[in-house]
Amino acid sequence: MSEMRATLSANVRRYLRDPVVHLTVRATLASTLAYAVAVQLSTEPAPLTAPLTALLVVQVTVYSTLTTSIRRVNSVVVGVLIAIGFSAVMGLSWWSLGLIILASLTVGQFVRVDEFVNEVAISAMLVLGVTRLANQAWDRVLETLIGAGVGLLFNLLFAPPVWLDTAGESIEDLARRARHLLLRLAEQLHGPTEVELAAARLHEARGLDQAIAEVDAALRQAEDSLRFNPRISEGMLSRLVLRTGLDTLEICVVVIRVLARSFTDLAKRRTGDERLFPPDVALALEELLAHVGGALVSFSVLVTTQVSRNAEAAEERLAGELSAALASRENLARLLLDQVRQEPDAWQLHGSLLAELDRILDELDLEHRSRRLMEELDRATVARNERFTVLYRLRRLVRG
């Protein structure tokens, strides 16, 4: 019973942390509130533009809500201005409607409204087709401002969650998938390896590219949640730690794909029941792949850990895995050298195999990690200072 209660509680927490659930609840409440406000302020009997705008602009982060609100209001205002300009010289007909749609879509490409380009034409058509042009134009702009304002105010008063945990979980999941793939690659070393099995592992390694795209989307959402969020005083460090961590894992995934390709090429060179490697080389390579997989998981835990005590423990585990991997690497290098002397034609594949593993270990190295993070911090600090310098100069210019 206790296990069932714990499972149910975990499922409820996972459901409540789902961005789709947050977006659904927030959009529903903001749209309803926007309609209630618009009923009081607009002269339209059914001011549905306000809840529609709130529904479109409310996002899972404050930053995305603000940028969406600006684009939405901009598209409506531009569409209304185009309709007012056209109404001054022509009425509504099939050819004037075509002209206003063409003009709206063309202008919409230059005013940076992105996905709301069609909204420019929609606003122009709706305003052009009414008899009370001035009132309709004003009401549509007013309702849009109400919807955007309510959506933005809703997210400011009830700040959305910071999606760092979700991004961290996706990064750790990517590292564990890479580790499992390395372990499966190691399993095929102890016996005859069919080309089809090696090719299947290569296809699985290529499938990690889609996982990287999903992690990148989760990380972008986490980065947006750090901007303009009242819960976060300084999110640049957290953003850079996660971003550089994902970059490192992406490089490692690419190298693992190359590693799987090397195993596939070796399998094609073997005939019958011949193994990829002799037993001693296979055992050393399996040990190295296991340590590399453990280092990948430890690295992902390190970059996603927020508490300093846990970060120190993760760093110690990563250092231990890297130390064991380097020792295994030296043993494997010696065995591969002996193997190359017996089989000179395979020196390229054996050398590339060792170089690929060295690349992963180099990317996971703690000194390399610290150096990369410091470089990104310096670059971000310089960019922020440049923005502040421009704003300072503009302020001085305005003050004369």
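How many of the 400 residues of the protein chain count as buried? The figure is 44%, and the views below take you around this predicted model, from the whole chain down to single residues.

**View 1. The whole chain is built from 14 helices and 0 strands.** Read along the sequence, the pattern is α-α-α-α-α-α-α-α-α-α-α-α-α-α. Among contacts between residues at least 6 apart in sequence, 78% join residues at least 24 apart. The accessible surface of the protein chain comes to about 21500 Å². Carbon and sulfur atoms account for 59% of that surface.

**View 2. Helices H8 and H11 lie roughly antiparallel to each other.** Here you can follow H8 (residues 164-187) alongside H11 (residues 279-304), with axes that come within 9 Å. Why are the two helices called roughly antiparallel? Their axes cross at roughly 180°, and angles over 145 degrees count as roughly antiparallel, so H8 and H11 fit that description. On the H8 side, residues making the contact include Gly168, Ile171, Glu172, Ala175 and Leu182. On the H11 side, Glu286, Leu289, Gly293, Leu296 and Val301 are among those taking part. The residues of this contact divide into 13 nonpolar, 5 polar and 4 charged.

**View 3. The largest nonpolar core holds 69 residues.** Which members touch the most other members? They are Leu189, Phe277, Leu285, Leu289 and Leu332. Helices H8, H9 (195-226), H10 (236-269), H11, H12 (308-342), H13 (347-364) and H14 (366-399) each supply at least two residues of this core. Apart from it lies another core, of 10 residues, with Ile82, Phe86, Ile100 and Phe116 among them. As a general point, nonpolar side chains tend to be buried together in soluble globular proteins.

**View 4. Leucine 189 and its contacts take centre stage here.** Leaving aside neighbours within four places in sequence, leucine 189 is in contact with Phe263, Leu276, Phe277, Ala282, Leu285, Glu286 and Leu289. Three of these names may be familiar from the previous view: Phe277, Leu285 and Leu289 are listed, with Leu189 itself, among the residues touching the most other members of the largest core. Glu286 and Leu289 also belong to the H11 side of the contact with H8.

**View 5. Threonine 28 and serine 31 share helix H2.** Helix H2 covers residues 19-41. Is serine 31 buried or exposed? Serine 31 has a relative accessible area of 10% and is therefore buried, the cut-off being under 20%. Threonine 28, at 45% relative accessibility, counts as partly exposed. Both residues lead you to leucine 55. Serine 31 touches Pro51, Ala54 and Leu55, not counting residues up to four places away in sequence. Threonine 28 sits 7.2 Å from leucine 55, C-alpha to C-alpha, although the two are 27 residues apart in sequence.

**View 6. Glutamate 119 is a buried residue of helix H6.** This helix spans residues 117-128. Glutamate 119 has 9% relative accessibility, which means that it falls under the 20% limit for buried residues. What does glutamate 119 touch, not counting residues up to four places away in sequence? Its partners are Arg72, Ser75, Val76 and Arg140. For valine 76, the C-alpha to C-alpha distance to glutamate 119 is 6.5 Å, across 43 residues of sequence.

**View 7. Valine 258 belongs to helix H10.** At 38% relative accessibility, valine 258 counts as partly exposed. Look across to leucine 353: the pair is 95 residues apart in sequence and 8.7 Å apart in space, C-alpha to C-alpha.

Definitions and conventions: Residues are numbered from 1 along each chain as its sequence is written. This is a predicted model: local features need pLDDT of at least 70, side-chain atom pairs count only at pLDDT 80 or more; totals for chains, interfaces and linings use all residues. Side-chain values use heavy atoms; hydrogens and water are left out. Helices (H or I, at least four residues) and strands (E, at least two) are DSSP runs, numbered from the N terminus. Buried means under 20% relative accessible area, exposed over 50%, partly exposed in between (1.4 Å probe, protein chains only). Axes are lines fitted to C-alpha atoms, for helices over the stretch in contact, and angles run from 0 to 180 degrees between N-to-C directions. Angles under 35 degrees count as roughly parallel, over 145 as roughly antiparallel, 65 to 115 as roughly perpendicular and the rest as oblique. Contact means heavy atoms within 4.5 Å. Ala, Val, Leu, Ile, Met, Phe, Trp, Tyr, Cys and Pro count as nonpolar, Asp, Glu, Lys and Arg as charged, and the others, Gly among them, as polar. A nonpolar core is a set of buried Ala, Val, Leu, Ile, Met, Phe, Trp, Tyr and Cys residues joined through side-chain atoms within 4.5 Å. Accessible areas come from the Shrake-Rupley method with a 1.4 Å probe; for residues, only the protein chains shown count as cover.
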